[in-house]
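Please explain how the strands and helices of this protein are arranged, and which residues bring them together.

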Amino acid sequence: MSLRSIEGQSVQADAIIRLIRQERLPHALAITGIAGVGKAAAAVALSMALNCLEPVDYDGCGRCSSCTKILRNRHLDVFVVWPDPPKKKREKLLKDDPELLMRHRDILKSPWPQDDDLSIKIDTVREIIRTVAIKPFEGRYRVMVLPEADLMTEDAANALLKVLEEPPRNNVFVLTAGKIENLLPTIASRCRHIRFGPLAAGIVRAGIEDVTDEEASVIANLSGGSLKRAREIAKTGFLAARRDAVAAVNEAGDLAGKRLFQSADELGKGFVGGLDAILWWLRDVMVLKATGNESRVVNSDIADLTADAAERFDLEELFEIFGFLDRLQQGIRFANIGERLAALVALLVFAGRLKPWEALGYGQLWIR
Ligand SMILES: [Zn+2]
């Protein structure tokens, strides 16, 4: 790993390397961008470039003892400070597994369970301040990486601000965040801002495993340029669930009586997510209907089902169905409409036996 090897961010990597070469690297950088575009990797690669024993044109070599120590998360001057759980929970996790932090070797991954109550707290920042007050132990620079710095509490941010105003020599701070606006303006103003863009589809496609090429293309489109999101989608089986849901609504017209109810039972399991998938696919149907251009279809692996639906409905009907399903989803979420009933209604609408406006217009459902 090195700055130049960060995929899809070569302009940004060159900009950072140029700052190193010209000895103009500021003591604080803020790297922003959506999740999974290489922000933390770049921050760690920067720490390698700054401490490398055999730098390659001002970039880290990835092989010397300094670079390998950093990669193994064993360098005494490179710290990646992840948001951590509330104190009590943290203590319990460490009691259950006292080696949790000692064992942690993957410098690009947080050691903590990825819950939603993570934050960077003032105690942590105080520790950072104590650490940076001492000269680096083994490297030329101490590098403090704060991934997800947007999760800093306000107390913590204000404490960090003091050290960013007057940083001790040979310390470099790298904060990463979704957007620069997520940081306190006073913090942001002390950092050189580097923006990482979404990754190109080809880079995302190449970065996911255990899916077919066709599925990889669909996932890359869906990921919005985030490799992290793409890997999550690949793991959750979302594509298979989407295929099943779309197949169910497409076949609804052929079903009657008991078989229709059976299909609704099946489709109704986790139907909020199923509706997400159907709505996403319906956009394809509308785009195909409106433009006739197959290359603009995102769900390319189920293009046959998309073409079928575009054949069967006119554009106005598709808009109505889309609006209806969107409302139906809200109904499940906020008005306690049962998922099985919702699935049945959706199937009837797709079968052409219930009109969307009839279902919605008077707030009651009736079957034609
Ligand atoms: Zn090196």
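A crossing of two helices is called left-handed if the near helix is turned anticlockwise from the far one by less than a right angle, and right-handed if the near helix is turned clockwise. In this predicted model, the crossing of helices H14 and H15 is right-handed. Helix H14 comprises residues 271-291 and helix H15 residues 303-312; their axes come within 9 Å and cross at roughly 60°. That angle makes H14 oblique to H15, because an angle counts as oblique when it falls outside the ranges under 35, over 145 and 65 to 115 degrees.

The residues that form this contact can be named on both sides. Helix H14 contributes Trp281, Asp284, Val285, Leu288 and Lys289, which meet Thr306, Ala307, Ala309 and Ala310 of H15. Sorted by class, the contact of H14 with H15 consists of six nonpolar residues, one polar residue and two charged residues.

A second helix pair may be read in the same terms. Two packed helices are described by the angle between their axes and the distance between the axes. Helix H13 (residues 257-268) packs against helix H17 (residues 339-350) at an angle of about 125°, and their axes are 8 Å apart. H13 and H17 are therefore oblique to each other, and their crossing is right-handed. On the H13 side, the contact is made by Leu260, Ser263, Ala264, Asp265, Leu267 and Gly268. On the H17 side, Glu339, Arg340, Ala342, Ala343, Leu344 and Leu347 take part. The contact of H13 with H17 has seven nonpolar, two polar and three charged residues by class.

The description now turns from helices to strands. Strand E1 spans residues 28-32 and is mostly covered, with five of its five residues buried. In a regular strand the side chains alternate between the two faces of the sheet. How are the faces of E1 covered? Ala28, Ala30 and Thr32 are buried on one side, and Leu29 and Ile31 are buried on the other, so that both faces are covered.

Strand E1 also has two pairing partners to consider. With strand E4 (residues 171-177), E1 pairs in the parallel sense over five bridges; here Thr32 stands opposite Ala177 of E4. Strand E5 (residues 192-195) is joined to E1 by four bridges, and these two strands likewise run parallel. In the pairing with E5, Ile31 stands opposite Ile194. Thr32 and Ile31, which face residues of E4 and E5 respectively, are both buried.

Methods
Residues are numbered from 1 along each chain as its sequence is written. This is a predicted model: local features need pLDDT of at least 70, side-chain atom pairs count only at pLDDT 80 or more; totals for chains, interfaces and linings use all residues. A residue is buried if 20 or more other C-beta atoms lie within 10 Å of its own, exposed if 12 or fewer, and partly exposed in between; C-beta atoms are placed from the backbone. Two strands pair if DSSP finds at least two bridges between them. Axes are lines fitted to C-alpha atoms, for helices over the stretch in contact, and angles run from 0 to 180 degrees between N-to-C directions. Two residues are in contact if their C-beta atoms, placed from the backbone, lie within 7 Å. Ala, Val, Leu, Ile, Met, Phe, Trp, Tyr, Cys and Pro count as nonpolar, Asp, Glu, Lys and Arg as charged, and the others, Gly among them, as polar.
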